[in-house]
There are 2 protein chains.
Amino acid sequence: MADFIHYCNSISPLSKEVMNEILSKLKSRTFVKGDLINKQGQVCRDLFFIEKGLVKHFYHSKNRVFILRFFPENNLFTILDSYINQTPAEFITIALEDTTLTYLEYNEVEELCRNHHSFETFMRKYISFAAFNILKRNKEMLEDDATERYNGFVKENSHLLQRISLGDIASYLGISQVSLSRIRAKK
Amino acid sequence: MADFIHYCNSISPLSKEVMNEILSKLKSRTFVKGDLINKQGQVCRDLFFIEKGLVKHFYHSKNRVFILRFFPENNLFTILDSYINQTPAEFITIALEDTTLTYLEYNEVEELCRNHHSFETFMRKYISFAAFNILKRNKEMLEDDATERYNGFVKENSHLLQRISLGDIASYLGISQVSLSRIRAKK
DNA sequence: GTGATTTTTTAACATATGTAAAAAAATACA
DNA sequence: TGTATTTTTTTACATATGTTAAAAAATCAC
């Protein structure tokens, strides 16, 4: 559980008081490979920290699957579309490996934000970095073709390559698996 | 100048105190069509509000131009990549029309965040919405082909269509102008 | 280890999009 | 109004990617 706190502190230092309050509120859950963490249509009530494991964040459309992002251990995540407005999630989150999550519930996060300036600051910075990462992906999608995106993914995620199937990588890149296979063969 | 305050309040209510402080710190600048608002390589020091006009936010790569976003009047914007880390901007911002901006400088924003919880909350919510919008674009780029993206753009931005050239729309969609022309002809 | 299942690759063909160059249309301006 | 400039469209061709189906390879379960 201390990892959650540690992660937060590395983004923006929290007061002792908040740290204790977080510790008292943190819950934990484990999932086995393939388990659903958040269904489509279910409001996401939590801010998750991945202690161990790997999750994917995806949705179905046009008979295809699109993966927005993978989150491995030592990452904070939430289902942005649902969390911000507390509306039903369009995205599905499942465990790609046996996974342990610690989390704060939405109401607790909001309360922490309300009552503790240092936590509010942390949240602002956390979301700023998240936005920046999403923007980077946006840029890649705009300017890079599939081959460049694949090479970029390999470079940025070498530590995850053994843990993610090529089918999932294709879904992340927004291309068919056949196309990815072709790209890999060309090398 | 009151529009800036009004916009902020519509996202998250500010205390009277902060509002006055913002008013005392707001600066204003006008640009004529074609003026550079922020150069590539220049650190973005400001949080801008568009009183009047239209700006585009773009960059060059591979002998092409890619537009990340258009911001018309009554919008808050900053150059996210540069603002967050106070590093040189990769993106360029120019005025597509005669434009009036009011703005707060980075240090003032940070100071407001530090000193006023309600402003920090506003910034968190503002950035959350920004992140959500960037994510929506991400999704479009992943799943939609150029024709769908064009139709989506037309639907979402009907009020801007007369103010943006087709070349710029193509750059926003991440396709060549020839391709956009073809798409429009197909109808 | 062996057979079943899942994942990955290959092949063949269709469509979408890029590039280059030129034509046409719209706009700016003297 | 007429000319120059800019924007948009069209044409022709090349490449990238999608789809379907089948083959090959890897992994899983017993």
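Copies are superposed by least squares on the C-alpha atoms of residues with pLDDT of at least 70 in both. The legends below describe close-up views of a predicted model.

**Figure 1. Chain A superposed on chain B.** A turn of 180 degrees and a shift of 0.0 Å along the axis lay chain A on chain B with an RMSD of 0.0 Å. The two copies are therefore related as by a two-fold rotation axis. Both copies use the same surface, since 100% of the contact residues of chain A recur in chain B.

**Figure 2. The protein surface near DNA strand D.** DNA strand D is surrounded by 18 residues, of which Ala146(A), Ser176(A), Ser179(A), Arg182(A) and Ser181(B) are the closest. By class, this surface comprises 6 nonpolar, 7 polar and 5 charged residues. At least two residues each are supplied by α8 (177-186) of chain A and by α7 (166-173) and α8 (177-186) of chain B. The largest share, 6 residues, belongs to α8(B). Sugar or phosphate provides 52% of the atoms of DNA strand D within 4 Å of the protein, and bases provide the rest.

**Figure 3. Polar contacts between chain A and DNA strand D.** Two of the contacts shown involve the backbone of the protein and phosphate oxygens of the strand. A backbone N or O atom of Ala146(A) is placed 2.8 Å from a phosphate oxygen of DNA strand D. For Ser176(A), a polar backbone atom is 3.0 Å from a phosphate oxygen of this strand. Arg182(A) instead places a polar side-chain atom 2.9 Å from a base nitrogen of DNA strand D.

**Figure 4. The protein surface near DNA strand C.** Around DNA strand C there are 18 residues, and those that come nearest are Ser181(A), Ala146(B), Ser176(B), Ser179(B) and Arg182(B). Of the atoms of DNA strand C that come within 4 Å of the protein, 52% belong to sugar and phosphate. Chain A supplies at least two residues from each of α7 (166-173) and α8, and chain B supplies at least two from α8. With 6 residues, α8(A) gives the largest share of the surface. The residues near DNA strand C are 6 nonpolar, 7 polar and 5 charged.

**Figure 5. Polar contacts of both chains with phosphate oxygens of DNA strand C.** In chain A, a backbone N or O atom of Leu166(A) lies 3.2 Å from a phosphate oxygen of DNA strand C. For Gly167(A), the distance from a backbone N or O atom to a phosphate oxygen of the strand is 3.1 Å. In chain B, Arg64(B) has a polar side-chain atom 3.5 Å from a phosphate oxygen of DNA strand C.

**Figure 6. Packing of α6(A) against α8(A).** The axes of helix α6 (residues 146-156) of chain A and α8(A) are 10 Å apart, and the helices pack at an angle of about 75 degrees. The two helices are therefore roughly perpendicular to each other. Ala146(A), Thr147(A) and Tyr150(A) of α6(A) make the contact with Leu180(A), Ile183(A), Arg184(A) and Lys186(A) of α8(A). These residues are 4 nonpolar, 1 polar and 2 charged.

**Figure 7. Packing of α2(A) against α4(A).** Helix α2 (residues 16-25) and helix α4 (residues 106-115) of chain A cross at roughly 170 degrees, and their axes come within 11 Å. The helices α2(A) and α4(A) are therefore roughly antiparallel to each other. From α2(A), Val18(A), Glu21(A), Ile22(A) and Lys25(A) meet Glu108(A), Glu111(A) and Leu112(A) of α4(A). This contact contains 3 nonpolar, no polar and 4 charged residues.

Notes. Residues numbered from 1 in each chain as written. Chains lettered and ligands numbered in written order. Predicted model: local features only at pLDDT ≥ 70, side-chain atom pairs only at ≥ 80, totals over all residues. Heavy atoms only, no water. Near = heavy atom within 4 Å. Polar contact = N/O pair within 3.5 Å; in protein donor to acceptor, adjacent residues only side chain to side chain. Helix = DSSP H or I, 4+ residues; strand = E, 2+ residues; numbered from the N terminus. Nonpolar A, V, L, I, M, F, W, Y, C, P; charged D, E, K, R; others polar. Contact = heavy atoms within 4.5 Å. Axes fitted to C-alpha atoms, helices over the stretch in contact; angles between N-to-C directions. Parallel < 35°, antiparallel > 145°, perpendicular 65-115°, else oblique.
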